[in-house]
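User: I'd like to learn how to read a protein fold from its coordinates. Could you take me through one, feature by feature?

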Amino acid sequence: MQNGLPTLEILEANHSFPCSFTFKVIGVANDQFADSVLVAVKKQLTVNLEPVMSSKATPSGRHVSVTIEPQVESALHIHEIYRELQSIEGLVMLF
């Protein structure tokens with residue numbers, strides 16, 4: 001991993017593009033976090049399809065886990081989405 005991202009080679013070896021790719025994003029629980037994840041991902045999509053998305057609050061209610069599965073075109077496209085997600089305010093963990 002470089003900069004916390006899986007390498008392009010690993011992504012290309014393990015996925016047939018285009019494909020659906022799962023991003024897990026954990027952040028501070030507030031009214032905007034899940035919406036911010038959706039907006040960040042949609043900024044990088046070339047096809048106007050709504051990605052599958054779900055969210056779940058932690059038992060303490062302090063954090064929220066968002067799972068989003070957009071259609072991606074390439075390993076580089078995955079990196080572009082990761083970079084967009086890294087800029088979200090309140091981000092705690094991304095994988």
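Analyst: Happy to; we will go through the sheet, the helices, the aromatic rings and a few threonines. One thing to keep in mind is that this is a predicted model.

User: Let's begin with the sheet. In what order do the strands lie, and is the pairing parallel or antiparallel?

Analyst: To read a sheet, follow who pairs with whom. Here four strands make an open sheet in the order 3-4-2-6, and the pairing is antiparallel. Strand 3 (52–57) and strand 6 are the edge strands, each pairing on one side only. On average, neighbouring strands of this sheet are turned by 20 degrees against each other, with direction ignored.

User: How many bridges join strand 3 to strand 4, and what lies between them?

Analyst: Six bridges join these two antiparallel strands. Strand 3 and strand 4 form a hairpin with five residues between them, and glycine 61 in the turn has a positive phi of about 80 degrees. As a landmark on this pairing, alanine 57 stands opposite valine 64 in strand 4.

User: And on the other side of strand 4, which residues of strand 4 stand opposite valine 25 and phenylalanine 23?

Analyst: Strand 4 (residues 63–69) also pairs with strand 2, in the antiparallel sense and over six bridges. Valine 25 has valine 66 of strand 4 as its bridge partner, and phenylalanine 23 stands opposite isoleucine 68 in strand 4. A general idea helps when you look at such positions: side chains in a regular strand alternate between the two faces of the sheet.

User: Now the helices. Which strands does helix 2 lie across?

Analyst: Helix 2 lies across strand 2, strand 3, strand 4 and strand 6. Relative to strand 4, helix 2 runs at about 25 degrees.

User: What span should helix 3 have, and how far apart are its end C-alpha atoms?

Analyst: The rule is a rise of 1.5 Å a residue, so the 12 residues of helix 3 (residues 75–86) should span 16 Å. Its end C-alpha atoms are 17 Å apart, which agrees.

User: Which residues of helix 3 are buried, and what covers them?

Analyst: The buried residues are Ala75, His77, Ile78, His79, Ile81, Tyr82, Glu84 and Leu85. Their cover includes helix 1 (8–14), strand 2 (23–28), helix 2 (33–43), strand 5 (71–72) and strand 6 (91–94).

User: How are aromatic pairs described, and how many does a search of the whole structure find?

Analyst: A pair of aromatic rings is described by two things, the distance of the centres and the angle of the planes. A search of the whole structure finds three aromatic pairs. Phenylalanine 21 and phenylalanine 23 form an edge-to-face pair, 4.9 Å centre to centre with 65 degrees between the planes. Phenylalanine 23 and tyrosine 82 form another edge-to-face pair, 4.9 Å centre to centre with 70 degrees between the planes. Phenylalanine 23 lies in strand 2 and tyrosine 82 in helix 3, so this pair ties together parts that are 59 residues apart in sequence. Phe21, Phe23 and Tyr82 form one aromatic cluster.

User: Are those rings' residues buried or exposed?

Analyst: Both phenylalanine 21 and phenylalanine 23 are buried. Phenylalanine 23 counts as buried because its relative accessibility is 0%, and tyrosine 82 counts as buried at 6%.

User: Finally, the threonines. Where does threonine 67 lie, and which residues does it touch?

Analyst: Threonine 67 lies in strand 4 and counts as buried at 12% relative accessibility. Its side chain is joined to that of lysine 24 by a polar contact of 3.0 Å. Not counting residues up to four places away in sequence, threonine 67 touches Thr22, Phe23, Lys24, Val52, Met53 and Ser54.

User: Thr22 is in that list. What is the place of threonine 22, and is it buried or partly exposed?

Analyst: Threonine 22 sits in the loop between strand 1 (19–20) and strand 2. With a relative accessible area of 37%, threonine 22 is partly exposed. Sequence and space can be read side by side here: threonine 22 and proline 70 are 48 residues apart in sequence and 7.2 Å apart in space, C-alpha to C-alpha.

User: And what about threonine 7, in the segment before helix 1: which backbone nitrogen lies 3.1 Å from its side chain?

Analyst: That is the backbone nitrogen of isoleucine 10, which lies 3.1 Å from a polar atom of the threonine 7 side chain. Threonine 7 is buried, with a relative accessible area of 16%.

Technical notes:
Residues numbered from 1 in each chain as written. Heavy atoms only, no water. Expected span 1.5 Å × (residues − 1). Buried < 20%, exposed > 50% of the residue type's maximum accessible area, 1.4 Å probe, protein only. Contact = heavy atoms within 4.5 Å. Pairing = 2+ DSSP bridges. Axes fitted to C-alpha atoms, helices over the stretch in contact; angles between N-to-C directions. Phe/Tyr/Trp six-rings, centres within 6.5 Å; stacked < 30°, edge-to-face > 60°. Polar contact = N/O pair within 3.5 Å; in protein donor to acceptor, adjacent residues only side chain to side chain.
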